[in-house]
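Me: I'd like to learn how to read a model of a protein with two chains. Could you take me through one?

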Protein chains: 2
Amino acid sequence: MDLEARLEDASTSHSAHPQELRLWLRMLTCTQLIEKFVRTQLRKEFGTTLPRFDLMSQLERSPVGLKMNELSRRMMVTSGNITGIADQLTAEGLVERVPLADDRRAFLIRLTKAGRAQFALMAKAHEQWIVDALAGLSESQSKQLHTLMGHIKQQFKQAQAA
Amino acid sequence: MDLEARLEDASTSHSAHPQELRLWLRMLTCTQLIEKFVRTQLRKEFGTTLPRFDLMSQLERSPVGLKMNELSRRMMVTSGNITGIADQLTAEGLVERVPLADDRRAFLIRLTKAGRAQFALMAKAHEQWIVDALAGLSESQSKQLHTLMGHIKQQFKQAQAA
């Protein structure tokens, strides 16, 4: 019995809403399987981590650079120590600080040319890992899954707006 | 434009497989929305955290108790410092250490009676939060989503076994 099945068994046996708990456990399991796979591949193929990849990915989307607080807000993976990761990438020459003219204490951080080149390689590999991870779905199943999760997202937004 | 839409725009514009990246971003977004909601509710209603809830939840499924390494392995949420959380819960009387007769250095940890009572309250509330979080889906959509994510999981298992 795998982890999800064991948890499901225990969580839903006294539950009034077993289907919802089952679905949530499966969502969590699937997301974690893929995330773990991505972490493993990043380490094996590039000797890097998901928070580092995530940070570079956010910078790649903002060529002008980002302030640290904006960068923190945009990270998809909670990483604990974003300043530490940014410092590390700066020391490796992949990221640089850009002083802001109007505030001597403030700065933007952005990818260097070397950082952009390295990220491009990682992004290409990452795309293929995701394609592999989702290979169990046909194109129409993939679209269906996207739509169904859109309903969850939509309902969340409505609940937040209410 | 929300975070997912913005990332999607940037990630898929030069992509050979935009649909797969889009789906992965949505899976990540939905899981994180629900997880964040659960974290907020745990804090507001019970003054506790997801790693604490997760740890108690694993213990509730093993009434005899678990060794620390087994407990770590079973946690659904990576928490960094499981020993610290276990010590904290022990100090609060929700968890206790049980010495093992055959190894003086080893012990099991398990819920106390107070811990079981508190966890029962939290588990009931948690179930309702998940029902609320998934309210955007009809019963048949919920089953469909469960089945589709089962295909992803199945394909992962086959890839690992190969």
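Me: Which residue of chain B comes closest to the rotation axis?

Reply: Start by superposing the copies, by least squares on the C-alpha atoms of residues with pLDDT of at least 70 in both. In this predicted model, Leu145(B) is the one, with its C-alpha at 3.2 Å from the axis. Chain B lands on chain A after a rotation of 180° with 0.0 Å of shift along the axis, RMSD 0.0 Å. That's the relation of a two-fold axis.

Me: What should I know about numbering and cut-offs here?

Reply: Residues count from 1 along each chain as its sequence is written, and chains are lettered from A, ligands numbered from 1, in the order written. As the model is predicted, local features need pLDDT of at least 70 and side-chain atom pairs 80 or more, while totals for chains, interfaces and linings use all residues.

Me: Which element of chain A has the lowest mean pLDDT, and which the highest?

Reply: pLDDT is the predictor's confidence in each residue, from 0 to 100. Helices here are DSSP runs (H or I, at least four residues), numbered from the N terminus. Helix α1 of chain A (residues 3–12) is lowest at 67, and helix α6 of chain A (113–133) highest at 96. Where pLDDT is low, don't read the predicted coordinates in detail.

Me: Which residues of α6(A) are buried?

Reply: Count other C-beta atoms, placed from the backbone, within 10 Å of a residue's own: 20 or more is buried, 12 or fewer exposed, in between partly exposed. Gly115(A), His126(A), Glu127(A), Ile130(A) and Ala133(A) are buried. On the other side, Lys113(A), Ala117(A), Ala120(A), Leu121(A) and Lys124(A) are exposed.

Technical notes. Helices (H or I, at least four residues) and strands (E, at least two) are DSSP runs, numbered from the N terminus.
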